[in-house]
Amino acid sequence: MDKFYKTSLEEQETIINIDYFASKVNLYTCQKNVYARIVKKIGKPSKTYYTDKKISGARWQIPFEDKKSITQILSRPTLIGQKK
């Protein structure tokens, strides 16, 4: 994986937007662990954002027809991980 930009914990976020008009689920994250889990589950993002030549965030656009990918990204282990 490419190097990831060190974003402060207060600024890290994952945003899920369900666009009914366009029939897509939009997912954005700037957290390294979430990024890695999503890439492992559904593949490369639609758009990757860079800061100082390091990944600072990514966005995926998943059509409603891709039910398997939507189910995988909306799961708690994917978004939050295994908290003890």
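Here are three short exercises with worked solutions on a predicted model.

**Exercise 1.** Work out the strand order of the open sheet and which strands sit at its edges.

*Solution.* Start with the order: the sheet is open, has four strands and runs 1-2-4-3, with antiparallel pairing. Next, look for strands that pair on one side only: these are strand 1 (14–19) and strand 3 (47–51), so to speak the edge strands. As for twist, neighbouring strands of this sheet are turned by 15 degrees against each other on average, ignoring direction.

**Exercise 2.** Take strand 3 and find out how many bridges link it to strand 4, then place helix 1 on the sheet.

*Solution.* Strand 3 pairs with strand 4 (residues 54–63) in the antiparallel sense, over five bridges. One residue pair to check is T51, whose bridge partner in strand 4 is K54. Now bring in helix 1 (residues 32–42): it lies across strand 1, strand 2 and strand 4, and runs at about 40 degrees to strand 4.

**Exercise 3.** Is T29 buried or exposed, and what does its side chain reach?

*Solution.* First locate T29: it belongs to strand 2 (residues 24–29). Its relative accessible area is 0%, and the cut-off for buried is under 20%, so T29 counts as buried. Then go through the polar partners. The T29 side chain has a polar contact of 2.8 Å with the side chain of T14, and reaches the backbone oxygen of E13 at 3.5 Å. Finally, list the contacts, skipping neighbours within four places in sequence: T29 touches E13, T14, V34, Y35, G57, A58 and W60.

Notes. Residues numbered from 1 in each chain as written. Predicted model: local features only at pLDDT ≥ 70, side-chain atom pairs only at ≥ 80, totals over all residues. Heavy atoms only, no water. Helix = DSSP H or I, 4+ residues; strand = E, 2+ residues; numbered from the N terminus. Buried < 20%, exposed > 50% of the residue type's maximum accessible area, 1.4 Å probe, protein only. Polar contact = N/O pair within 3.5 Å; in protein donor to acceptor, adjacent residues only side chain to side chain. Contact = heavy atoms within 4.5 Å. Pairing = 2+ DSSP bridges. Axes fitted to C-alpha atoms, helices over the stretch in contact; angles between N-to-C directions.
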